[in-house]
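This report concerns one molecular structure and the arrangement of its secondary-structure elements. Please consult the sequence and the coordinates alongside the text.

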Amino acid sequence: MDCRSNNENQNSASTSAHDLKPSKIKFQYEQDDEQVVEQGDETITESSNVEIDEDTSMGAAAAAAADDDSIVDGDKTSADYYFDSYSHFGIHEEMLKDVVRTKTYQNVIYKNSFLFKDKVVLDVGAGTGILSLFCAKVGAKHVYAIECSSMADMAQEIVKLNGFSDVITVIKGKVEEIDLPVPQVDIIISEWMGYFLLYENMLDTVLYARDKWLVKDGLVLPDKASLYLTAIEDADYKADKIEFWNEVYGFDMSCIRKQAMMEPLVDTVDQNQIVTNCQLLKTMDISKMTSGDASFTAPFKLIAERDDYIHALVAYFDVSFTKCHKLMGFSTGPKSRGTHWKQTVLYLEDVITICQGEAVVGSITVAPNKKNPRDVDIMLKYSVNGRHCRVSRTQYHRMR
Ligand SMILES: C[S@@+](CC[C@H](N)C(=O)[O-])C[C@H]1O[C@@H](n2cnc3c(N)ncnc32)[C@H](O)[C@@H]1O
């Protein structure tokens with residue numbers, strides 16, 4: 001597991017999902033630009049027939065786990081820290097250098113210019129304005145670039161530097177609070193995805209903009225997002241990140257082990273670690289869904305493809321732009337080219353000894369944390385009834 005680096009920001013409420021240390025970004029890009037827009041190559045198994053309690057409430061343990069105020073330092077709330085984190089250029093550098101992400105958006109826009117020609121576009125969370133610039137370049141009539149962090153000032157300057165001041169209007173403020181100079185827009189474009197797809201909860205902002213300004217039959221780009229689950233062997237890294245706390249220089253620090261178990265780890269998983277099939281958990285249609293659809297319970301049945309041990313379940317997502325001339329999108333799965341989203345690892349309390357053909361069945365319940373909706377509460381139920389392992393357990397996690 002030496003290919004992996006812990007995302008240290010998972011440990012701090014004061015950092016955002018995209019706030020990685022630049023030194024940790026070591027992608028290997030061997031493919032050309034065309035290849036990054038192909039759909040993910042994961043084997044997807046459709047939903048299983050496992051019978052699962054559909055109750056999406058997280059229960060008392062999760063509530064206790066989530067019992068944390070969003071006030072993190074003096075008068076600053078975690079929301080303040082969230083928006084502050086996007087004021088620094090480093091986070092934008094990291095996103096722009098994520099070639100899978102940025103090239104896919106560029107290709108979607110450049111190869112489908114007919115969608116944008118003479119259209120009014122709203123860029124939700126514009127950052128440096130990169131998506132607005134792409135849209136302006138292919139002939140959008142006007143682009144409104146909304147950005148709440150002070151990066152909006154840079155976006156304004158960048159728009160001017162590149163001669164698009166007539167076409168792009170940068171509006172500094174929260175989407176939920178600004179006045180848009182036009183009553184309706186034809187297209188909403190946004191890169192809103194967080195770790196585990198839903199961390200940061202920026203999806204709500206896109207849905208708000210859609211419901212307020214998008215013309216009937218207007219486009220939301222991307223319009224589909226799906227979450228997947230698989231299971232991995234991860235003995236060495238689990239020992240290093242979790243069991244480490246059991247005995248530190250001769251002292252018992254197992255109280256920290258509990259916290260480490262609870263926080264999903266954002267990290268790169270080698271595809272050779274995958275023991276089971278990869279299963280689709282949930283697809284969201286961004287053009288139709290409601291905010292409540294981001295809270296759900298999904299059953300899973302992960303079937304072992306070899307005899308092995310399972311230490312963790314791994315979640316990842318893909319996004320699609322289905323209104324393009326040809327389907328475009330990208331996957332953040334372990335079998336696809338690396339992105340800054342990496343994958344999300346949920347360590348299991350049990351080490352599962354699994355034989356080929358046996359299944360880990362269960363369900364995953366996902367919901368925004370009630371006190372801090374940018375965090376995600378996850379309840380994981382799993383059971384195995386195999387030759388060498390019989391286990392049934394419920395675990396609670398929180399992305400923060
Ligand atoms: C993931 S970044 C994407 C930036 C840019 N679109 C890109 O692709 O490089 C999301 C941006 O949305 C902004 N943002 C998040 N929530 C917002 C809101 N409610 N109103 C306005 N901007 C928001 C953040 O400050 C951040 O710059």
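The report covers two sheets, a pair of helices and some backbone details.

The structure is a predicted model.

**The parallel sheet**

Five strands form an open sheet in the order β6-β5-β4-β7-β8, and their pairing is parallel. Strands β6 (168–172) and β8 (214–221) occupy the edges, each with a single partner strand, so one side of each has no neighbour in the sheet. On average, neighbouring strands of this sheet are turned by 20° against each other, direction ignored.

Within the sheet, β4 (residues 120–124) and β5 (residues 142–147) run parallel and are joined by 5 bridges. One residue pair can be named here: Asp123 has Ala145 of β5 as its bridge partner. Helix α6 (residues 130–137) packs on the sheet and touches β4, β5, β6 and β7 (185–190). The direction of α6 makes about 180° with that of β5. Helix α7 (residues 151–161) also packs on the sheet, where it touches β5 and β6. The direction of α7 makes about 165° with that of β6.

**The antiparallel sheet**

An open sheet of 4 strands follows the order β12-β16-β17-β18, with antiparallel pairing. Its edges are held by β12 (296–303) and β18 (390–399); each has a single partner strand, so one side of each is left without a neighbour in the sheet. From one strand to the next, the twist averages 15°. Strand β12 is connected to β16 (residues 359–368) by 8 bridges, and the two run antiparallel. In this sheet, Phe300 stands opposite Gly362 in β16.

In general terms, strands of a sheet pair through backbone hydrogen bonds, either parallel or antiparallel.

**The helix pair α4 and α6**

Two packed helices are described by the angle between their axes and the distance between the axes. For helix α4 (residues 99–110) and α6, the packing angle is about 20° and the axes are 9 Å apart. An angle under 35 degrees counts as roughly parallel, and α4 and α6 are therefore roughly parallel to each other. Their crossing is right-handed. On the α4 side, the contact is made by Thr102, Tyr105, Gln106, Ile109 and Tyr110, while α6 contributes Ile130, Leu131, Phe134 and Cys135. Classified by residue type, the contact of α4 with α6 has 7 nonpolar, 2 polar and no charged residues.

**Backbone details in the loops**

A cis peptide bond joins Leu221 and Pro222, with omega of about -5°. Pro222 lies in the loop between β8 and β9 (224–232).

Glu200 and Tyr249 are treated together in the table, since each has a positive phi although it is not a glycine.

| Residue | Phi | Loop between | Other C-beta atoms within 10 Å |
|---|---|---|---|
| Glu200 | about 95° | β7 and α8 (203–213) | 24 |
| Tyr249 | about 50° | α9 (235–241) and α10 (254–262) | 5 |

Is Glu200 buried or exposed? A residue is buried if 20 or more other C-beta atoms lie within 10 Å of its own. Glu200 has 24 such atoms and is therefore buried. Exposure requires 12 or fewer; Tyr249 has 5 other C-beta atoms within 10 Å and is therefore exposed.

Conventions:
Residues numbered from 1 in each chain as written. Predicted model: local features only at pLDDT ≥ 70, side-chain atom pairs only at ≥ 80, totals over all residues. Pairing = 2+ DSSP bridges. Axes fitted to C-alpha atoms, helices over the stretch in contact; angles between N-to-C directions. Contact = placed C-beta atoms within 7 Å. Parallel < 35°, antiparallel > 145°, perpendicular 65-115°, else oblique. Left-handed = near helix turned anticlockwise from the far one by under 90°. Nonpolar A, V, L, I, M, F, W, Y, C, P; charged D, E, K, R; others polar.
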